[in-house]
Amino acid sequence: DEFAEQCFHSAEKKGFWKSELDEFASEGGLPASATDTYTNLKKSEKLMLIVSELGEALEGIRKPAPDAHRPDFTSEEIEMADALIRIFDYAGGFKLRLGAAYEAKRAYNEGRPFKHGKAF
């Protein structure tokens with residue numbers, strides 16, 4: 001969760017959490033009834049950015065090459081790292097208990113059957 005906070009603050013500082021709607025909302029221009037809708041739109045935007053990083057990782061598998069900005073890593077490695085950063089940013093920005101949820105889910109999965117009882 002500390003890493004999530006770090007990722008969120010870094011992304012916030014670089015402007016990734018700022019939009020014109022944020023300013024409108026902070027000035028009282030957004031009715032209270034629209035707050036949940038606005039939050040859900042923000043969450044949707046952030047989730048799609050995670051998906052886009054995973055798509056870029058797939059391209060790194062399809063066309064293996066060193067990363068353009070960090071040639072000491074493959075583009076697959078860098079894009080997977082980007083996806084993690086965006087996931088932690090999301091968790092930090094929306095105050096999710098990602099660390100605790102991860103530990104709980106990992107422990108639960110330990111007791112599940114092979115392939116969780118499914119064919120694939």
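A residue counts as exposed when its relative accessible area is over 50%, as buried when that area is under 20%, and as partly exposed in between. That yardstick comes in handy for several residues in this predicted model. Take K95 to begin with: its relative accessible area is 59%, so K95 is exposed. This lysine sits in the loop that links α4 (75-93) to α5 (98-110). Its backbone is a bit of an oddity too, as phi of K95 is near 55 degrees, a positive value in a residue that isn't glycine.

H116 shows a positive phi as well, near 55 degrees, and H116 isn't a glycine either. Its place is further along, in the segment after α5. With a relative accessible area of 34%, H116 falls between the two cut-offs, so it is partly exposed.

Now for the chain as a whole. It has five helices and zero strands, and reading along the sequence gives the pattern α-α-α-α-α. The radius of gyration is 18 Å, whereas the globule rule gives 14 Å for 120 residues; the chain's value is well over that, so the chain is more spread out than a compact globule. Along its principal axes, the C-alpha trace spans about 50 × 40 × 25 Å. As for burial, 20% of the 120 residues count as buried. What about contacts between residues that are at least 6 apart in sequence? Of these, 58% join residues at least 24 apart.

Next comes helix packing. Two packed helices are described by the angle between their axes and by the distance between those axes. For helix α3 (residues 35-62) and α4, the angle is about 165 degrees and the axes are 7 Å apart. Angles over 145 degrees count as roughly antiparallel, so α3 is roughly antiparallel to α4. The crossing of α3 past α4 is left-handed. On the α3 side, the contact is made by K43, K46, L47, L49, I50, E53, L54, E56, A57, G60 and I61. On the α4 side, the residues taking part are S75, E76, E79, M80, D82, A83, R86, I87, D89 and Y90. Sorted by class, the contact between α3 and α4 has 10 nonpolar, nine charged and two polar residues.

One residue of that contact, E53, deserves a closer look. Is E53, a residue of helix α3, buried or exposed? Its relative accessibility is 8%, which is under the 20% cut-off, so E53 counts as buried. Leaving aside residues up to four places away in sequence, E53 touches E79, D82, A83 and R86. These four residues also appear on the α4 side of the contact between α3 and α4.

Helix α4 has another partner, helix α1 (residues 2-13). Here the axes come within 7 Å and cross at roughly 95 degrees. Angles from 65 to 115 degrees count as roughly perpendicular, so that label fits α1 and α4. The residues of α1 in this contact are F3, A4, E5, C7, F8 and A11. Those of α4 are I85, F88, D89, A91, G92 and G93. By class, the contact of α1 with α4 divides into eight nonpolar, two polar and two charged residues. D89 of α4 is listed in this contact and in the one with α3.

Methods. Residues numbered from 1 in each chain as written. Predicted model: local features only at pLDDT ≥ 70, side-chain atom pairs only at ≥ 80, totals over all residues. Heavy atoms only, no water. Helix = DSSP H or I, 4+ residues; strand = E, 2+ residues; numbered from the N terminus. Buried < 20%, exposed > 50% of the residue type's maximum accessible area, 1.4 Å probe, protein only. Axes fitted to C-alpha atoms, helices over the stretch in contact; angles between N-to-C directions. Parallel < 35°, antiparallel > 145°, perpendicular 65-115°, else oblique. Left-handed = near helix turned anticlockwise from the far one by under 90°. Contact = heavy atoms within 4.5 Å. Nonpolar A, V, L, I, M, F, W, Y, C, P; charged D, E, K, R; others polar. Rg over C-alpha atoms; globule rule 2.2 N^0.38 Å.
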